[in-house]
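Thanks for coming, everyone. Let me put the model on the screen, and then I'll walk through it in pieces.

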Amino acid sequence: MDPIEESKSQVLKGRDERRKLTIPIQTPTDKDRLVHAYHPDYKKDEYHPIRLGPNAGERTVREVAELLESDSSISADLDLTPQYCVDVLVVGGGGAGATAALTAKSQGANVLLVTKLRMGDSNTVMAQGGMQVAITADDSPVTHFYDTLRGGHHKNDPNLLKVLVDEGPMAAQWLIGLGVLFDRDESGNLKTKKGGGSTKPRLLTCSDYTGLEIMRVLKDEVLNRQIPILEFSPVVELLTDPDGRCTGAVLKNIDNGQLIVVEAKSVILATGGSGRLHIEGFPTSNHYGATGDALVLAYRVGAKLAHADTFQYHPTGSVFPEQLAGALVTEGIRSDGGHLVNLNGKRFVNELDTRDVVAAAIIRECAQGRGVKTPAGRVGVWLDVPMIDLLLGEGSITKRFPAMVRQFERYGIDIRKEPVLIYPTLHYQNGGVAIDVHGQSQVEGLFVAGEASGGLHGRNRLMGNSLLDLIVFGKRAGTAAAKRAKSGPAGKLTLSHVTRFRKELEKNGIKPTRVAPIILPDYVRHEEIAHAATVKQ
Amino acid sequence: MSEPMSESTIGAHGKTITVEIMGRPYAVPEGLTMLRAMWYTGHEVVRGAGCLGGFCGACAATYRTKDDVRLRNALACQTLVEDGMSFYLNFSYYPNRKAVYDLDTISDPKQELFKIYPEASLCRNCNACTEACPQGIDVRDGVWKAVFGDFAKVSEMFMDCVMCGQCIPVCIADIAPNHVALYASRAQGARLTAPPQNLALRVTEIQSGKYAAEWTRILSMNEEELKIAAQPSK
Ligand SMILES: Cc1cc2nc3c(=O)[nH]c(=O)nc-3n(C[C@H](O)[C@H](O)[C@H](O)COP(=O)(O)OP(=O)(O)OC[C@H]3O[C@@H](n4cnc5c(N)ncnc54)[C@H](O)[C@@H]3O)c2cc1C
């Protein structure tokens, strides 16, 4: 028999045995040992020193270090006559940006939202697993706080974290008021599911379309509130006054290459994560525009980054079929009882341990020869999806995971009957631009919200906390940015920080290897090869 | 920076097939999605790619397969090319009207539908919207259900809707079915479903200061103290 099929049959046969097995959550010591040995965050030779700027002396992955040492695409003598003058410029059309824009607008600010692709094309739209909010009787914001702290290796900023968990229930109420349809139980209460690293069930879900449902509603509301939106207009550089305060931005219309200058009393960066940097060569679950733009934009104007050396590799990225390589298989599958099973049909980790632990354990299994090789040469372990129907009743998978059923069905795989092969995929930027409880960075006038920000999640984000982060801190940043806009006139527009940064590069003998923000990853095949693909007629 | 990922060849098998992209034939390996076939053949894609996971609707494409007369719609990031297929990315941009409304102040959400989208009740049952939907939603039936006030059912049927808008240009009654459904879903969630009690209770607890003292205590701890306090046995 084909080795994949043989291993698969073991998955199906071994279910009863595996169900009897309880694998404890790892102790802090074991956890440390495992992640140090196998988690990509601890691969020393992938890490480079940061040679200039507010985080100089720290280390981060090569891809991010190069981003921070990149050159601006803007020439210092650009004409800075603004085409737009607004109170609040919101950068990014995902969940954090939409929330910040709605909030700033509701406080009377004149808001402009600009985004790289279309409004809503983002990581937010893909979130499947759910949003953590402590609402059940035996749960509390304090328990949510401690769970998150453990998940983050105790490196989370406790003040940010307290705001997250304490304002979580209000954030959920706000979304429901806008029409978000979270799943309910028979009595009309919100249904909750248990996520990895959490001691209580507190994930709110919209089947496996939680992010899509939230994004659809938020976008519609931004349109209802008639907030002007510029799509396909990424920020390519920020603007500062001579004292270093952020006073606006330069956008690029990527349809025609034209630059657009915006003057703003407050700027909110909500540009999301950096999966498309393919850190350490990993495939990613992220959207097309996730190129870590906030990191470089904010760094150049002098904002400090927090935990910019740690990334979340989601334990279950698809490795087969090849077309879905890197695509996410939601944690919901494990929440509902799906087992992780190695080549030999054995479980090897508590499926609901924190993501870094589960990812490290999968990498260990594969490194030690207990992984399954795919025809394209990838390696992975099984995720026993059909278990869910056995545990929760026939039809549960169809009802709970319609998006995933559809995704695999397109390639002829019926996840109700067959396990799927998975391996960790680059998923989330744990750190980002350091913020205070009002979403303010260390640069006056520059606010940051959502995945672009750093400090809240420590060194490993607990699942479901990101969607909550977008809403809670999107609101906070929107409020603070609107308030600041009321306090005075617009500042002067200069590119003095770019000149200063270029001098610093030179002084440190650094020759930038690239121009950033990157905007879109380069996936186009080399010209000559592509040329050869043209069929001669 | 790292080498660009060989994203344009992911999924490629050995066999070469011919596909037509915007009318021009190309030889590509079997196993590519439409979007990867574009990258493989040297196309820069700006408009026409979004989440790359099948959720955002940015990559709506129209295609025809060999020997079939029918034009079909699909998401280009999720659909494999096949020999003899002809396709283009249609960018899913339609300058349709989206009604502007304030959910908080609407008096009767079901009646309001006829005010904000009066064309919804003019559906002529041609079923083109359902045929156009790459998500397999029974769009036509959804529009009728919205008109008859079954907003609950509409919200269930359209949970899969990625708002790609393929149902809009095909409608002979000038309805934007996805927007009609989104209004119905939002009204269902915001106005026609009772707010959840468990959530309301927790909000009241927080607002009445139930946890205030504990927060003061927690936020005065140092990292070591917090570590001990966070032990799960607690
Ligand atoms: C597949 C997947 C599943 C997930 N599941 C969950 C889950 O179940 N629960 C959970 O809590 N979290 C989940 N996450 C994480 C969570 O969805 C994201 O972290 C979060 O949505 C990020 O929101 P954001 O608004 O900060 O960024 P995004 O939603 O990514 O939005 C960023 C926006 O900024 C735009 N942009 C980028 N650069 C620029 C620029 N230079 N100028 C202008 N605009 C720019 C982008 O185009 C995009 O519109 C998941 C993530 C992924 C990828």
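**Around a histidine, and outward**

Start with His427(A). Leaving out residues up to four places away in sequence, His427(A) touches Ser285(A), Asn286(A), Gln312(A), Tyr313(A), His314(A), Leu328(A), Arg355(A), Glu451(A) and Arg461(A). Keep in mind that this is a predicted model.

Where does His427(A) sit? In strand β16 of chain A. Is His427(A) buried or exposed? Its relative accessibility is 14%, so His427(A) counts as buried. The cut-off for buried is under 20%. There is also a polar contact here: the side chains of His427(A) and Ser285(A) are joined at 2.6 Å.

Next, the ligand. Glu451(A) was among the contacts of His427(A). Glu451(A) also comes up here. The ligand has 38 residues around it, and the nearest are Thr124(A), Gly129(A), Gly130(A), Glu451(A) and Ser466(A).

Now the polar atoms, one oxygen contact at a time. For Thr115(A), a polar side-chain atom lies 3.2 Å from an oxygen atom of the ligand. For Gly464(A), a backbone N or O atom is 3.4 Å from a ligand oxygen atom. For Leu467(A), a polar backbone atom is 2.8 Å from an oxygen atom of the ligand.

How much of the ligand does the protein bury? Taken alone, the ligand exposes 990 Å², and the protein buries 99% of that.

Which elements give two or more residues to that shell? In chain A they are α5, residues 95-106; β16, residues 420-429; and α15, residues 465-486. So β16 turns up again, and β16 is the strand that holds His427(A). The largest share comes from α15(A), with 4 residues. By type, the shell divides into 11 nonpolar, 22 polar and 5 charged residues.

Staying in chain A, look at helix α14, residues 402-409. This helix is mostly covered, with 7 of its 8 residues buried. Which ones are they? Pro402(A), Ala403(A), Met404(A), Val405(A), Arg406(A), Gln407(A) and Phe408(A). What do the buried residues of α14(A) pack against? Against β12, α10, α13 (396-400) and β16 of chain A. That is β16 once more.

On to a sheet in chain A. Its 3 strands form an open sheet, ordered β11-β17-β19, with mixed pairing. The edges are β11 (305-306) and β19 (453-454), and each pairs on one side only. Strand β17, residues 432-434, runs parallel to β19(A), and 2 bridges join them. If you want a register point, Ala434(A) stands opposite Gly454(A) in β19(A).

Now the backbone geometry. Two cis peptide bonds to check in chain A. One joins Phe320(A) and Pro321(A), with omega about 0 degrees. Pro321(A) is in the loop between β12 (311-318) and α10 (332-335). Both of those elements were on the packing list for α14(A). The other bond runs from Ala516(A) to Pro517(A), and its omega is near 5 degrees. Pro517(A) is in the loop between α16 (496-507) and α17 (527-533).

Over to chain B. Two residues here have a positive phi. Met22(B) is not a glycine, yet its phi is near 50 degrees. The residue lies in the loop between β1 (16-21) and β2 (24-29) of chain B. Met22(B) counts as exposed because its relative accessibility is 55%.

Asp67(B) is not a glycine either, and its phi is about 60 degrees. Its place is the loop between β3 (60-64) and β4 (72-75) of chain B. Is Asp67(B) buried or exposed? Exposed, with a relative accessible area of 78%.

Last stop, Met34(B). This residue is in helix α1 of chain B, residues 34-40. Its relative accessibility is 0%, so Met34(B) counts as buried. What is Met34(B) in contact with, neighbours within four places in sequence aside? Ala61(B), Tyr63(B), Ala74(B), Ala76(B), Thr79(B), Val81(B), Met85(B) and Phe87(B). One distance to note: the C-alpha atoms of Met34(B) and Leu80(B) are separated by 5.9 Å, and the two residues are 46 residues apart along the chain.

That's the tour. Happy to go back to any part of it.

Definitions and conventions. Residues are numbered from 1 along each chain as its sequence is written. Chains are lettered from A and ligands numbered from 1 in the order in which they are written. This is a predicted model: local features need pLDDT of at least 70, side-chain atom pairs count only at pLDDT 80 or more; totals for chains, interfaces and linings use all residues. Side-chain values use heavy atoms; hydrogens and water are left out. A residue is near a molecule or strand if one of its heavy atoms lies within 4 Å of it. A polar contact is a pair of N or O atoms within 3.5 Å; within protein, one must be able to donate a hydrogen and the other to accept it, and residues adjacent in sequence count only if both atoms are side-chain atoms. Accessible areas come from the Shrake-Rupley method with a 1.4 Å probe; for residues, only the protein chains shown count as cover. Ala, Val, Leu, Ile, Met, Phe, Trp, Tyr, Cys and Pro count as nonpolar, Asp, Glu, Lys and Arg as charged, and the others, Gly among them, as polar. Buried means under 20% relative accessible area, exposed over 50%, partly exposed in between (1.4 Å probe, protein chains only). Contact means heavy atoms within 4.5 Å. Two strands pair if DSSP finds at least two bridges between them.
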